[in-house]
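Here are a few notes to help you find your way around. Have the sequence and the 3D view open as you read.

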Amino acid sequence: MGFKVLGTGAYVPERIVTNDELSQMVETSDEWIVQRVGVKERHVSVDETNADMGIKAAERALEAAGIRAEELGLIVTATCTPDTLCPSTAALIQRGIGASCPAFDVNSACSGFLFALETAAAFMEKNHYKYVLVLGAEHLSRTVDWTDRSTCVIFGDGAGAAVLGEGQSNLASRLFTQGGDEVLYIPAGRGNSPFYTREEPQHRIYMNGQETFKFAVRRMAEDLQLLCADAGLTTDDLSFIVPHQANTRIIDLTARRLKIPMEKFVLNIEKYGNTSSASVPISFDELVRSGKLKKGDKIAMCAFGGGLSSAGVILEW
Ligand code: UT7
């Protein structure tokens, strides 16, 4: 048994931080950020939690799907910036939308939404859930070091969601992990154990941008090729590609490597920056609501990030 997407939703907080505003905080410029990353502005939370953003995205997805929260069989939320390590963000979203089904988080950093989608698909198969809610929700602005210009200009906050129902629209999927914390990591906060002696850095994002960049281009190109082969398609058969919005240059290089026209890629990094696991579902929601999708269209989604990890899926609309 597979699944089909019944409805999508997304939410970003109201407060916009422009590149010019950032230029007053760290030594950077609108020109550098636009040229090297592709971001013009990002949304940051002022008083909303990660779960608050997830709840709003979930409500929009449920409305689009025409499903009531009480009908959900499962909620899976991808996040690497939970409000609390316990309870899970999914549990808080469950209460917020008035659902009563099991709910849990998965974490595969920026690839998280696609890992969550695959988890949901497996649970649908095993437990015969009729409707499952899958989210990517991130409150990165709380974790970013706002004095580090190499990361603070990149990220933004937001959430995206999809309601899945029974169907056969998932044609192929791939998950990949190359475990390690050398390139990209966010240490958890530590308590006050008098026994634990290891020195650990502060709770914030540490990223080797260039290594992440190389990994991203390599994986995106390879994942898209493998996915197409698995589904018996070529990249020409793809109508749209929804990539993780981390850097316009990553998407551009992937497009050139695979000779895929850039117009097929959904791009919104200039408005939101990198919202980690929320980036693919926010972009997917934009595509769905754009009215551009036609029945039978093949859509690839692909993401990469901490783990290191990457993931991809091909859906038939
Ligand atoms: O979603 C998780 C996955 N994350 C990613 O995919 C991120 C992938 N990596 C990237 O997008 C890029 O590597 C960055 C945007 C993070 C950095 O761009 P880059 O072109 O790789 O820059 P770089 O790290 O090679 O640095 C080049 C120069 C350095 O100055 P020097 O040493 O050449 O004088 C940096 O200090 O750019 C400097 N720099 C900046 N200058 C102005 C770094 N950040 C900034 C900045 N403004 N914000």
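1. Let us begin with one contact: how far is an oxygen atom of the ligand from an N or O atom in the side chain of N274? The distance is 2.5 Å. Do keep in mind that this is a predicted model.

2. Two further side chains are worth a look here. In Q210, an N or O atom of the side chain is 2.5 Å from an oxygen atom of the ligand. For N247, a polar side-chain atom and an oxygen atom of the ligand lie 2.7 Å apart. The ligand exposes 940 Å² when taken alone, and the protein buries 73% of that area.

3. Now step back to the whole surroundings. The ligand has 23 residues around it, and the closest are T28, R36, Q210, N247 and N274. By type, the shell consists of 11 nonpolar, 8 polar and 4 charged residues.

4. Where does the ligand sit? Its place is the largest pocket. Four helices each give two or more residues to the shell around the ligand: helix 2 (30-36), helix 6 (149-152), helix 7 (209-231) and helix 8 (248-258). Helix 7 contributes the most, with 4 residues.

5. Why does the ligand lie between domain 1 (4-168) and domain 2 (172-189 + 200-316)? Both domains give residues to the shell around the ligand, so the ligand lies between them.

6. Next, please turn to the backbone, where two peptide bonds deserve your attention. The bond from C86 to P87 is cis, with omega near 0°. You will find P87 in the loop that runs between strand 4 (74-78) and helix 4 (89-97). G307 and L308 are also joined by a cis peptide bond, with omega about -15°. L308 belongs to the loop between strand 12 (298-305) and strand 13 (309-316).

7. One last backbone detail: which residue has a positive phi of about 55° although it is not a glycine? That residue is H128. To locate H128, follow the loop between helix 5 (112-127) and strand 6 (132-138).

Notes:
Residues are numbered from 1 along each chain as its sequence is written. This is a predicted model: local features need pLDDT of at least 70, side-chain atom pairs count only at pLDDT 80 or more; totals for chains, interfaces and linings use all residues. Side-chain values use heavy atoms; hydrogens and water are left out. A residue is near a molecule or strand if one of its heavy atoms lies within 4 Å of it. A polar contact is a pair of N or O atoms within 3.5 Å; within protein, one must be able to donate a hydrogen and the other to accept it, and residues adjacent in sequence count only if both atoms are side-chain atoms. Accessible areas come from the Shrake-Rupley method with a 1.4 Å probe; for residues, only the protein chains shown count as cover. On a 1 Å grid over the protein atoms alone, a cavity is a set of points where a 1.4 Å probe fits but cannot get out, and a pocket is an open set with protein on both sides within 12 Å along at least five of seven lines; lining residues have an atom within 4 Å of a point. A molecule sits in a cavity or pocket if more than half of its atoms lie within 2 Å of its grid points. Ala, Val, Leu, Ile, Met, Phe, Trp, Tyr, Cys and Pro count as nonpolar, Asp, Glu, Lys and Arg as charged, and the others, Gly among them, as polar. Domain bounds come from an automatic or database domain assignment.
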